[in-house]
Amino acid sequence: MRNWLGGLLLCLLSLPAAAQGILILGDSISAAFGLEISDGWVSLLQGRLQAQNSSVQVHNASVSGDTTAGGLARLPTLLTRHEPDLVVIELGGNDGLRGLPTDKMQQNLAAMVEQSRQAGADVAILGMRIPPNYGVRYTSAFEQVFRDVAEQQQVALVPFVLEGVAGQPALMQGDGIHPNVQGQPGILENAWPLIEAWLARQPAVGEGED
């Protein structure tokens with residue numbers, strides 16, 4: 001019996017560690033709205049990680065049209081299912097486009113950060129901006145939400161994930177809201193420094209074996 005148990009323990013100890021995971025919790029910007037999912041920036045992220053011999057797995061839980069309230073409702077199940085090491089929150093744009101209260105949006109984002117941390121995950125936020133026709137007061141308050149949550153919760157922030165992409169006709173779909181195929185690499189470049197910094201903090205994270 002002892003020999004059998006000893007052999008079982010040895011086998012368990014020799015099993016490779018589970019690959020680390022990144023959960024992308026977003027809306028249409030991360031769900032590759034209007035495109036093949038393989039052309040979206042999240043798929044490009046997975047491709048970049050693989051090209052770097054990283055075993056980190058990217059789980060895309062983005063839903064077009066989702067709000068911070070929707071993401072907060074979905075998050076507990078996603079945390080249980082994927083057990084991510086990093087949660088990247090890309091939500092809020094639809095709150096803004098619908099003119100929803102910014103204080104509630106801030107509460108939802110903060111709650112998602114807290115839930116993710118309670119599940120043992122690090123957190124990062126990809127911020128958004130909305131068109132100026134919503135008025136200076138609302139647009140300013142909207143953008144400030146991301147900065148406030150990032151500062152109060154001490155999480156990494158990309159203030160505007162569509163920086164250099166939005167407003168460029170060659171990079172946007174006809175609706176002027178969603179990036180096209182050519183715009184997806186720009187989104188990845190905006191998000192990458194945040195993800196790369198997280199990877200650098202992980203001990204020997206995702207290094208593949210020769």
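A salt bridge is a side-chain nitrogen of Lys or Arg within 4 Å of a carboxyl oxygen of Asp or Glu. The structure above, which is a predicted model, holds 3 salt bridges. Side chains of opposite charge can pair when their charged atoms come close. The tour begins with these pairs.

**First stop: the salt bridges**

Select Arg 48 and Glu 189. These two residues form a salt bridge whose closest N and O atoms are 2.4 Å apart. Arg 48 belongs to helix 2 (residues 41-51) and Glu 189 to helix 7 (residues 184-201), so the pair ties together parts that are 141 residues apart in sequence. Arg 48 counts as partly exposed, with a relative accessibility of 22%. Glu 189 is partly exposed as well, at 41%.

Next, select Asp 66 and Arg 74. This pair also forms a salt bridge, and here the closest N and O atoms lie 2.7 Å apart. Is Asp 66 buried or exposed? Its relative accessible area is 10%, and buried means under 20%, so Asp 66 is buried. Arg 74, with 23%, is partly exposed.

Now select Arg 129 and Glu 163. Their side chains meet in a salt bridge, at 3.6 Å from N to O. Arg 129 sits in the loop between strand 4 and helix 6, while Glu 163 sits in the loop between strand 5 and helix 7; the pair therefore ties together parts that are 34 residues apart in sequence. Both residues are partly exposed: Arg 129 has a relative accessible area of 37%, and Glu 163 one of 43%.

**Second stop: strand 4 and its partners**

Select residues 122-126, which make up strand 4. How many of its 5 residues are buried? The count is 4, and the strand is thus mostly covered.

Add residues 86-90, which form strand 3. Strands 3 and 4 pair in the parallel sense over 4 bridges. To find one of the paired positions, select Ile 89, whose bridge partner in strand 4 is Ile 125.

Then add residues 156-158, which form strand 5. Strand 5 runs parallel to strand 4, and 3 bridges join the two. Ala 124 has Ala 156 of strand 5 as its bridge partner.

Finally, display residues 136-153, which form helix 6. Follow the chain from strand 4 through helix 6 to strand 5: these elements make a right-handed β-α-β unit.

**Third stop: the largest pocket**

Return to Arg 129, already seen in the salt bridge with Glu 163. Arg 129 is also among the residues nearest the centre of the largest pocket, together with Leu 97, Met 128, Leu 162 and Ile 177. Select these residues to locate the pocket, whose lining comprises 21 residues. About 360 Å³ of space lies within the pocket. What classes of residue make up its lining? There are 11 nonpolar, 8 polar and 2 charged residues.

**Last stop: the cavity**

A search of the whole structure finds 1 cavity of 30 Å³ or more. The volume of the largest cavity is about 30 Å³. To find its place, select Ser 28, Ile 29, Ala 32, Phe 33, His 178, Pro 179, Gln 184 and Ile 187, which line it. The lining of this cavity has 5 nonpolar and 3 polar residues, but no charged residues.

Definitions and conventions:
Residues numbered from 1 in each chain as written. Predicted model: local features only at pLDDT ≥ 70, side-chain atom pairs only at ≥ 80, totals over all residues. Heavy atoms only, no water. 1 Å grid on protein atoms, 1.4 Å probe; cavity = no way out; pocket = protein on both sides within 12 Å on 5 of 7 lines; lining within 4 Å. Points joined across faces, edges and corners; volume = space filled by probe spheres on them. Nonpolar A, V, L, I, M, F, W, Y, C, P; charged D, E, K, R; others polar. Buried < 20%, exposed > 50% of the residue type's maximum accessible area, 1.4 Å probe, protein only. Pairing = 2+ DSSP bridges. Right-handed = clockwise from strand over helix to strand, strands pointing away.
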